[in-house]
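Work through the exercises below with the sequence and the model in view. Try each task before reading its solution.

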Amino acid sequence: MMMVWAGVTSPSCAQSAVDLAPAHMPLVGAVDERYQSYNIEMVEVTGGRFWAPYKSSSASAPAEQPKAGGPAGMDPSMYRYRPPVDLGNPRLRKLAAALGPAYVRVSGTWANSTWFDDSNGPAPKTPPAGFGDILTRQEWKGVIDFGKAADAKIVTSFAISPGVRGANGVWTPVEAKKIVAATKADGGSIAAAEMFNEPNFASMGGAPKDYDAAAYGRDFKAFLAFARQDVPEMLVAGPSAVGDIGMMDHMPASMHGLRAEDLLHAEGPGLDVFSYHFYGGVSQRCARMGNIPHSSPETALSNEWLSLTERDEEFYAALRDKYAPGKPIWLTETGETACGGDPWASDFIDSFRYLNQLGALARRGVQVVMHNTLDASDYGLIDENTLVPRPNYWAALLWRRMMGTTVLDAGTSPSENLHLYAQCLRNEPGGVALLAINADRTASATLDVPVKSERYTLSGELMSDKVSLNGKELNVTASGDLPEIRGKAQKAGRVELAPATITFLAIKDAGNQVCR
């Protein structure tokens, strides 16, 4: 199939034009200024074994691999050791800053059993009993400094493994207090924290044996008391659950987890933010763990796959309404698939999911979406070895440049393969930003827009980690600087969208009163 950025295709393939009225698109709601955010896994910060990329270079795997294993019950061959990430790297900071302001969530399964060495001396070679990894004071300071450089507020979680348990088996804040104190001493702050990562899979995440909802409830009450007393400015988020529908029921019985509703019932009131995680399925790495849903290149653009994020949001929003009414919803971890992403998570084909999720969840009232990860494994926005931006990074950059915080109703699309989203145009009073995702692989689509605009169309080979903007391949400069991002003038009237392309329209003269 020939890919043409301007959307020029055979008229016989085109659908009837969709009439749009940017001036009259009504208000839907608003999202957080840091709506589009990202994760840096704790195991990246400490160094350790994380999901092994499918596309590895010869220099990507250090000869020394001192840490074996991974989360309980998982095949160690799925992981690869990497040294601590260099969060002081100027190129990485520059790329992250271009997506700011954002939240950076430093958490993940490994964080559940990480011991914090708050001395400034050499770290011990092994963590104390009851822990699995070591986070040094300098590594955590690197997170603080990175957050300042990238305008990314820190979100995290704390250890809950046997090493933090009191004589009665209940969680104590011994490790959390150390991290909070070090953060303040080094000039940082923690914007929000989940008690721990994905408590409904606690047995895989370092919790004591036979951990159940009642134990979680006791722990959460202790955590809440600590948070209110020691860090009252920190938002308490939770339950940080994942997979209650679509995933858990398909896993082997030995891996079945706790239900989010049971956790919420046990913890009682206290959440400032209702958080959850979402993956539409698992990657090829974890497909052997039962008949768990997964994607394929053939289904990656289908409405069935793209709409799963709305299915899960609806489920968790109902729990929010029942147990934490009125609290904001944050999606604190998401990506192409769990377990590091599929081989094509780093290709242009996943940008359709990435942007559709942002548009759909903003329209549904989700306040923050944190992609996993910034720069690790196949679903990273940036290649961890070369620090070359992947297609999803360029998609994220355009979202950041175009989409403001006020969400509009773009109207109903006549086709399940044409996804339309609108928000006020960033820094342009009265302006509207339209996102049009044509996920049809063979048919073009046509919009009728009565106002001139600037057009930004992403196109390319779907199974490639390269993407073009308005026909020109996007690349950073030799020094790691971003290229100039410029639109093409689009006349008022018909706007053609080629098959399998993504288009932003910056409609500066829309005259929408909601956006004044």
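**Exercise 1.** Decide whether the radius of gyration of the protein chain agrees or disagrees with that of a compact globule.

Solution. Step one: the radius of gyration is taken over C-alpha atoms, and the globule rule is 2.2 Å times the number of residues to the power 0.38. Step two: for 516 residues the rule gives a value near 24 Å. Step three: the protein chain has 23 Å, which agrees. The C-alpha trace spans about 70 × 50 × 45 Å along its principal axes.

This is a predicted model, in which local features need pLDDT of at least 70 and side-chain atom pairs count only at pLDDT 80 or more, while totals for chains, interfaces and linings use all residues. Residues are numbered from 1 along each chain as its sequence is written, and side-chain values use heavy atoms, leaving out hydrogens and water.

**Exercise 2.** State what share of the residues is buried, and what share of the contacts with a separation of 6 or more joins residues 24 or more positions apart.

Solution. Buried means under 20% relative accessible area, exposed over 50%, and partly exposed in between (1.4 Å probe, protein chains only). By this rule 59% of the 516 residues count as buried. A contact means heavy atoms within 4.5 Å. Of the contacts with a separation of 6 or more, 79% are between residues 24 or more positions apart.

**Exercise 3.** Find the edge strands of the open sheet that contains β18.

Solution. Helices (H or I, at least four residues) and strands (E, at least two) are DSSP runs, numbered from the N terminus; the protein chain has ten helices and 24 strands. Two strands pair if DSSP finds at least two bridges between them. The order in this three-stranded sheet is β1-β18-β23, with mixed pairing. β1 (18–19) and β23 (493–497) each have a single partner strand, so they stand at the edges, with one side of each left without a neighbour in the sheet. β1 pairs with β18 (residues 445–449) in the parallel sense over two bridges, and Val18 has Leu447 as its bridge partner in β18.

**Exercise 4.** Which residues does each of two cis peptide bonds join?

Solution. One joins Gly238 and Pro239, with omega about 10°; Pro239 is in strand β11 (residues 235–241). Another runs from Asn372 to Thr373, with omega near 10°. Thr373 lies in the loop between β14 (368–372) and α10 (391–402).

**Exercise 5.** Is Ser377 buried or exposed?

Solution. Ser377 is found in the loop between β14 and α10. Its phi is positive, about 60°, although Ser377 is not a glycine. With a relative accessible area of 1%, Ser377 is buried.
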